[in-house]
Each structure stands twice: as C-alpha cells, then as structure tokens.
Amino acid sequence: MAAASHAVVVGLPQSRRVEPLFSLHPNGLFLRREALDFGVDDRELRAARRGGVITRIRHGAYVDSSAWNHLDAVDQYRVRGQAVLLSHHGNVALSHSSGAAEHGLRLWDVDTSLVHVTRLDGGPGGRQGDIVYHVDTCSPADVMSKNELPVLGPQRCALGAAALGSVESGLVLLDSVLDLGLGSEASLWATYAEMARWPGARRLQVIVRLAQPGAQSVGESRSRYLCWVQHLPRPELQFEVYDDNGDLVGITDFAWPEHELLGEFDGKVKYGRLLRPGEEPSDVVFREKVREDRLREVLGWTMVRLVWSDLHHPQETATRIRRQMMRSRAA
C-alpha cells in the first residue's frame, strides 16, 4: 500500500505532494503516519505548513488549510475529535461535548479546547494533553458509527456534556436533542436514570426537567432559561395562531396565552434560515414585520421580541416582559 501511495505523489512540486492525502478523510484530514505511508516525510510536511497548504490541528494530525478555514468553530471541533479517534484505532468513542458536536447538537458556552472520549478498552480515565478520557459502563448498544467512527449515542453525549457545564448550556444541548428528533423527553429521563450517580447529577436533573420540545435555536433555549431563572411564567413554544376561518396565520417562538402575549427571538441565524432564493435580509425583515402585524391583528395581543443583547441583561429583559404582561392584562 505504501509503495503504491508513494507513486501517487512522486513528481508533484514539493508543496503539492501532500494534496492526494486530502482525500483520505472528510475535510482534508490526515495523520502524520498516513503521510509517511504515502512517502511524504516530516520535511515536506513542514514545508507545506509554511506554505499555508496544510494546518496542524493537533499533534500528528493535519488538514487541508483551505477546507479548514471555511469551517466554523464547532465543525473545527468536530474534525479535531475525528483526528483523535483515528489515532486510537477504535479503543475509544467520542462522547460528551465532542460526541454532541459530531451528532450536530447545538453547543453554547462549551469548552472546545478539549476532546472528550469514553474508553472502550477498559483503560483508565484522566486527561492527557488535549484529550479527556472518561470511563463509563457502556454496552455495545451505546456505541454507534458516525462517519465510520465510534461515538456514543446523542442522548448520552448530550447528558454527559450537560453534566460538565452550566444549566443554561445544558439546556441548549438537551433542547436540541428533542428538536432534532434524536430523543424524547421519556428517553432522556431513561438515559439520565443510568447516570444518576455521576458527579453533577443533581444539576443534570434540573436540566432534564427544563428540557422541552419546540426550541429551535440556541437563542430560543436561552430565552426560556432567562424566563426560568427570572421566575417568569413558562411560555408555550411554537404557538400556532389561526384566524376566524381556521386558517393558520403563523407560528410564534413563544406565547403566554394567559397574558395575551406573543414572543419571538430574533437572531441573525434565524433570518438567514428564512431567506428565500434571490432575497436580501431586508426582505426577510419586512416579511416578518407584516407577519407580526397580522398575528397581533388576529389575536389582539401584544408581542415582545428578544435579541442576543437582551440575554446579556436578564433582569432588565424580565422587567420588560413583565411590563408587557401587565399592559396586556390592563387592556
């Protein structure tokens, strides 16, 4: 294999001799040992790094710089996790926040400097460099394959990551499990029961209790956390508004029917998701304004809109929401 691979790169300019390695794994990922098998030595790897052709993402792991620079922070974290697995020959599985990222769960306020894996070989736990090794009583059913690499199931990863972070960051994770259809409230509780003796399990129980289907973004989950911590009434999620003919007018992120108040979280990601082919962001803003006017017209309710900066000032934001509730009640 090594001789045949070496023939692929012979004759290319030195800085380009690494390029055939980019096809080994997604995002142009390859290991140093794989490069050596291809006949590319350390001197050539250093030259390719200096030339900006490749980027070293951890010890012994490289990627195509062009692909790497187009990835966001979470996807870069995913690739680093994949590099760790490739170096362990199936002895570990991605877990906790690293496994959550591989499953496409939403991460917020999560430390992405460390790759979390769970031992499958009975080895010890602990931290070595940028890797945290966890020990868990996993059965074969707990391990699945993503991109041909072992990773624990999405619920176990989400709960493991939530146990390491804050209630707010954990709520973002568990809400995304429910929203993406990777688990149910019942199955989250069942998985939690298996982890009830873990460190941080009491805080984890709070997060599982707060998790609710219907939050479709980080901002929506964090808005619900704000309501909880500021002792606001729990909102209904994805509230459907119908006109007198029974036709659906729209769906709002939140609603407090008893206070005749609708709520929306407005983030740049949301507007990007609503952008239609050929539209400008201003077109989406205008369409949302028309939609809001129609919702308020049909119900006669008021609406409160939250943005990212509101989440940084929870007390002031809660006061504004309460004021809107009082106005609705007075009207």
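Let me begin with one residue pair in this predicted model: Phe 265 has Leu 306, in strand 13, as its bridge partner. That pair belongs to the contact between strand 12 and strand 13, which run parallel to each other and are joined by five bridges. Strand 13 is mostly covered, with four of its five residues buried.

Stepping back to the sheet as a whole, we have four strands in the order 10-11-12-13, forming an open sheet with mixed pairing. Its edges are strand 10, residues 236-242, and strand 13, residues 302-306, each of which pairs on one side only. If we ignore direction, neighbouring strands in this sheet are turned against each other by 50° on average.

At the other edge, strand 10 runs antiparallel to strand 11, residues 248-256, and six bridges join the two; within these strands, Glu 240 stands opposite Ile 251 of strand 11. Packed on the sheet is helix 11, residues 218-229, which touches strand 10, strand 11, strand 12 (261-265) and strand 13, and whose direction makes about 45° with that of strand 11.

Let me turn, finally, to a residue in another element, Ala 73, which lies in helix 5, residues 73-86. Is Ala 73 buried or exposed? Its relative accessible area is 57%, and because the cut-off for exposed is over 50%, Ala 73 counts as exposed. As for its place relative to Thr 112, the two residues are 39 apart in sequence, while their C-alpha atoms lie 8.3 Å apart in space.

Key. Residues numbered from 1 in each chain as written. Predicted model: local features only at pLDDT ≥ 70, side-chain atom pairs only at ≥ 80, totals over all residues. Heavy atoms only, no water. Pairing = 2+ DSSP bridges. Axes fitted to C-alpha atoms, helices over the stretch in contact; angles between N-to-C directions. Contact = heavy atoms within 4.5 Å. Buried < 20%, exposed > 50% of the residue type's maximum accessible area, 1.4 Å probe, protein only.
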